Amino acid sequence: MKVTRFTTYRVAPRWLFLKVETDAGITGWGEPVIEGRARTVEAAVHELAEYVVGRDPAQINDIWQTLYRGGFYRGGPVLMSAIAGIDQALWDIKGKALGVPVYELLGGRVRDRMRTYRWVGGDRPAELVAAIGEQLEAGFDTFKFNGSEELAMLAGPRAVDAVVARVVAVREAFGERVDFGIDFHGRVSAPMARVLLRELEPFRPLFVEEPVLPEQAEHYRRLADSTSIPLAAGERMYSRFDFKRVLAEGGLALLQPDPSHAGGITECHKIAAMAEAHDVAFAPHCPLGPIALAACLQLDFVAYNAVLQEHSIGIHYNQGADLLDYVVNREDFRIDGGCIAALPRPGLGVEIDEASVIAASRDAPDWRNPVWRHADGSVAEW
Ligand SMILES: O=C(O)C(=O)C[C@@H](O)[C@H](O)CO
Ligand SMILES: [Mg+2]
């Protein structure tokens, strides 16, 4: 079998789909994207196509190593997201050619179902109690929300109290009936993270995510030593080599690589094993589309230390399309009691409605994350 063609589709809300065709008529799909830089990753995917078209798609490991090591400059969000989507599509092809889901190719399932969580509250966390109340009715009990709006490097008690008050309101409304992660989203400086972690400890969040910016990763250990709240990070790390440093340093309780940013299934499968060796949990980041989620789920069912799967149903970014809008086998993504079963179909387990993708690609928005500013006019971390 040989790879014959790469086709990319930018679609609402902010996703990039890659279709890889072969001379055997088997097609694989991937989701190579950096949110806000879809066109950049699209260009990288088509540059990397030169190394893949004409190759046997079954040679996933050698193609991955060629894509990674074939360029003198490597790593980082754009190239590793491009490699990720290509890798996902190659696994999709391999599974379809052999008639099995990818998790079977990786040794079979270690669990029957995977716990998931969903976003509430939006960019500037608001209406958390109402949003959680609605979702609790719908059978969800695990959530994530942003901890704060923009936050100054040195924020006083009023700003700290505003963060705590939202969490108090959730606990007062639902007690321990709900679990939640709090995403600091890189908006919090290291000194303020230490203050907030102390103030939030009594409310026992499941984890605090990106307690500081990934550029400040050396603080993870110090912050972990100051709190009992499990710390999580990983969406802005892009390979084993990024993750090996934070694992060696310690401090993270959960690694959250995104299989659409960190080199795909091939790379994230290795990262999950590295995490397990350090008694660190694996919780793939996935605010993206159905192909990205399908890739995550293939990993969740083979990684012993997989604990939580993010999905983007109803996420505040999904304006113009939601998670399953381009999916034929929507029933396979059913979430019962907050958990999802292994996707039964061969390959990644997602059947894409290409006609709807082509239609949506005709007027795809160029999504950009907001650029926030502090009261003094300086740029704020979003
Ligand atoms: O899902 C998460 O944990 C996030 O922090 C959302 C962020 O990744 C946005 O997708 C960036 O555009
Ligand atoms: Mg996050």
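1. In which helix do Asp-225 and Arg-221 both lie, and how many residues apart are they? In this predicted model, both residues belong to helix α8, which covers residues 219-225, and they are four residues apart, about one turn of the helix. Their side chains meet in a salt bridge, with a distance of 3.4 Å from N to O. Asp-225 has a relative accessible area of 58% and is exposed, whereas Arg-221, at 40%, counts as partly exposed.

2. A second salt bridge, between Glu-331 and Arg-345, has an N to O distance of 3.2 Å. Glu-331 is found in the loop between β11 (309-311) and β12 (335-336), while Arg-345 is found in the loop between β13 (339-341) and α12 (354-361), so this pair ties together parts that are 14 residues apart in sequence. Both partners count as partly exposed, Glu-331 at 46% relative accessibility and Arg-345 at 30%. Salt bridges with shared partners also join Arg-5, Lys-19, Glu-21 and Glu-354 into one network.

3. The side chains of Arg-204 and Glu-176 likewise meet in a salt bridge, at 3.1 Å from N to O. Because Arg-204 sits in the loop between α7 (190-200) and β7, and Glu-176 in the loop between α6 (157-174) and β6 (179-183), the contact ties together parts that are 28 residues apart in sequence. Arg-204 is exposed, with a relative accessible area of 55%, and Glu-176 also counts as exposed, at 52%. For the wider picture, a search of the whole structure finds 24 salt bridges.

4. The magnesium ion (ligand 2) deserves a separate point. Which residues are its protein donors? They are Asp-183, through OD, and Glu-209 and Glu-235, each through OE, and they lie 2.0 to 2.2 Å from the ion. Along the chain, the donors of this magnesium ion follow the spacing D-x25-E-x25-E. Glu-209 and Glu-235 link distant parts of the chain, being 26 residues apart: Glu-209 is in strand β7 (residues 207-209), and Glu-235 is in the loop between β8 (231-233) and α9 (240-249).

5. A last question concerns the surroundings of two of these donors: are Glu-209 and Glu-235 buried or exposed? Both Glu-209 and Glu-235 are buried, and a reader may set this beside the salt-bridge partners Arg-204, which is exposed, and Glu-176, which counts as exposed.

Methods. Residues are numbered from 1 along each chain as its sequence is written. Chains are lettered from A and ligands numbered from 1 in the order in which they are written. This is a predicted model: local features need pLDDT of at least 70, side-chain atom pairs count only at pLDDT 80 or more; totals for chains, interfaces and linings use all residues. Side-chain values use heavy atoms; hydrogens and water are left out. Donors are N, O and S atoms within 2.8 Å of the metal (3.2 Å for Na, K and Ca); water is not among the atoms, so sites may look incomplete. Helices (H or I, at least four residues) and strands (E, at least two) are DSSP runs, numbered from the N terminus. Buried means under 20% relative accessible area, exposed over 50%, partly exposed in between (1.4 Å probe, protein chains only). A salt bridge is a side-chain nitrogen of Lys or Arg within 4 Å of a carboxyl oxygen of Asp or Glu.
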